[in-house]
Amino acid sequence: MAAPAQVYIAQSVLTPPETPPIGSERKPIHNWPEPETEPEEVYFEIPWTSSSQETDGNFNVPHQDVLLLHGPKQKYEHTKKQPIPVLENEREMLVEVEVVGLNPIDWKAPDFGFGLPDLPCISGRDLAGKVVRSPRAKSRFDVGDSVMAISTDYRDSRKSAYQQFAAVSDFNACRLPHNISAQEAAPLGVAFVAAALALGICIGMDFLVTSGGPRGPDLLRIVQSISRDSLPKDIHQECFDGINKNERAKAGDWIAIWGGSSATGCCAVQLAKLAGLKVVAVIDVARSGERMLRHGADLLVDRLDEERAISIVKGITKGKLRFGLDTIGKPTAIRLAQGMQSESGVDSKAHLVGLTGLPKEPTNGVVYHSVPIKAFHEAPDVGEGLMIWLEKLLENGLLATPDIEVADGGLEGINAALDRLRNGSVNGPRIVVPLRS
Ligand SMILES: NC(=O)c1ccc[n+]([C@@H]2O[C@H](COP(=O)([O-])OP(=O)(O)OC[C@H]3O[C@@H](n4cnc5c(N)ncnc54)[C@H](OP(=O)(O)O)[C@@H]3O)[C@@H](O)[C@H]2O)c1
């Protein structure tokens, strides 16, 4: 199919960065899948099946509608009569997508040409729907189950959300309890996974020890029990050498979360509280303070005066803050690093995770971390441990799902919904798009 001639230029820009003009030398902001890394070599080919293969059991749908991205700075193109994704191994199942959750990366990747696989590709990382074909292996899932799925494997279009049917590894899916609808669940996945990996692997928080909640996984121990060779090289440092055993975050420690009101930040606040930490949330207190208190934050610090915010954080933690998570960008990560800088010769190092960027310069006594997001789909035990824990958290009402705004139009409505994220006119709720009206 020929690439459409129309070139998409972002419209008004408030909080998000501006789309660089075509041909511009300007460096894009890299915030997915790993901050500050160049796009990796592309090798992906969409392994479409022919329609005749898709006739087993009760599932007999010959083709589907998808959104295809043909190039950077273009809109997603609604395309009919595309084949159904092939299931490539015995742990994969086919899920009918009912609701898509939009993420910032869904517009940033095409606008900045970053984190794009071979084109054309299908995007979309968060989805909820029903299993229409179960895994061939013995599995927790069966046809008809309601699930949410997280597609962190952005190079594999079979798994992406902007299509009617998606291939899902059973260890990357969470069964939805009766108290959670597909619309509520759809926007949670990436935020939960990013927050859990940041806390569980980068700073070594052990979710086995949760105050009152169901036992969660010790992600650092799980990932370190896997052989290095079975994980991609670019996450070795983070998974195997990022933090010493004796420096791991534990109950009673302080953590500061800059951008605590973002979807990822909200998950991080709640998970850190479950693990018994004391949480400072740096946020717009007037806008999000009430929500943060509901999530259990111990201290709210207003983000509008950053210098003052850091001096409050330092004062409260007596200059010994050892754990920080920034969900906003490099400038706020720099601020947070300043707040963690060792002044009194504390023995243990401090650990700062940047979801969207990290300081370029080293900070005395502070180790920088990026989220090893690939561990979720590359290490089945990590993925499954997280998904089973998530099921229990949701069932017991221990993790709140993000506030949502429902956009209409199905697949065809996604471009307009992404424009609202791009131009900053939605700041707070997550946009979800039901595929059937
Ligand atoms: N590396 C990874 O693997 C990974 C994974 C997931 C997400 N990410 C990235 O992480 C970032 C956050 O994602 P998200 O989906 O959680 O975001 P989101 O839900 O869209 O959150 C954005 C929120 O951040 C708050 N905010 C804006 N500017 C701020 C500032 N200067 N200081 C503090 N808070 C500020 C705003 O709330 P208030 O105005 O109410 O403060 C806004 O609602 C995105 O850039 C995303 O691409 C990376």
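What share of the contacts in the chain with a separation of 6 or more comes from residues 24 or more positions apart? The figure is 72%, and it is a useful number to hold in mind while moving through this predicted model.

**The whole chain**

Begin with the complete chain, coloured by secondary structure. The display should show 12 helices and 15 strands. Of the 437 residues, 50% count as buried.

Next, colour by pLDDT. The mean for the chain is 88, and 86% of the residues reach 70 or more. Then select residues 1–55, where pLDDT stays under 50. The model has 88 contacts beyond four places in sequence for this segment. Where pLDDT is low, the predicted coordinates should not be read in detail.

**The ligand and its shell**

Select the ligand and the 31 residues around it. Those that come nearest are A194, S262, A263, T264 and D284. By character, the shell divides into 15 nonpolar, 13 polar and three charged residues.

Now highlight the helices α3 (189–202), α6 (263–274) and α7 (285–294), each of which supplies at least two residues of the shell. The largest contribution is that of α3, with three residues. Colouring by domain adds a further view: domain 1 (1–188 + 402–437) and domain 2 (191–375) each provide at least three residues of the shell around the ligand.

**Helix α8**

Move to residues 306–316, which form helix α8. Which of its residues are buried? They are A309, I310 and V313. These three lie on the same side of α8, because they cover an arc of only 95° around the axis. Select the elements that cover them, which include the strands β8 (254–258), β9 (278–283) and β10 (299–302) together with helix α9 (330–340).

Rotate to the face of α8 turned away from the buried side; E307, R308 and G315 are the exposed residues there. Just after the helix, K318 takes a positive phi of about 55°.

**From α9 to Q341**

Follow the chain beyond α9 into the loop that leads to β12 (350–354), and select Q341 there. Is this residue buried or partly exposed? Q341 counts as partly exposed because it has 15 C-beta neighbours inside 10 Å, fewer than the 20 required for a buried residue.

Add T363, N364, G365 and V366 to the selection: Q341 touches these residues, leaving aside those up to four places away in sequence. A distance drawn between the C-alpha atoms of Q341 and N364 reads 5.8 Å, although the two are 23 residues apart in sequence.

**Backbone stops: K73, K81 and P120**

Select K73 in the loop between β1 (64–68) and β2 (77–82). Its phi is near 65°, a positive value in a residue other than glycine. K73 is partly exposed, with 17 other C-beta atoms within 10 Å.

Continue into strand β2, where K81 is located. K81 also is not a glycine, and its phi is positive, at about 55°. How many other C-beta atoms lie within 10 Å of K81? There are 10, so K81 is exposed.

The last selection is the pair L119 and P120, whose peptide bond is cis, with omega near 0°. P120 lies in the loop between α1 (105–112) and β4 (126–133).

Conventions. Residues numbered from 1 in each chain as written. Predicted model: local features only at pLDDT ≥ 70, side-chain atom pairs only at ≥ 80, totals over all residues. Near = placed C-beta within 6 Å. Helix = DSSP H or I, 4+ residues; strand = E, 2+ residues; numbered from the N terminus. Nonpolar A, V, L, I, M, F, W, Y, C, P; charged D, E, K, R; others polar. Domains from an automatic or database assignment. Buried ≥ 20, exposed ≤ 12 C-beta atoms within 10 Å, placed from the backbone. Contact = placed C-beta atoms within 7 Å. Arc of directions from axis to C-beta. pLDDT = per-residue confidence, 0-100.
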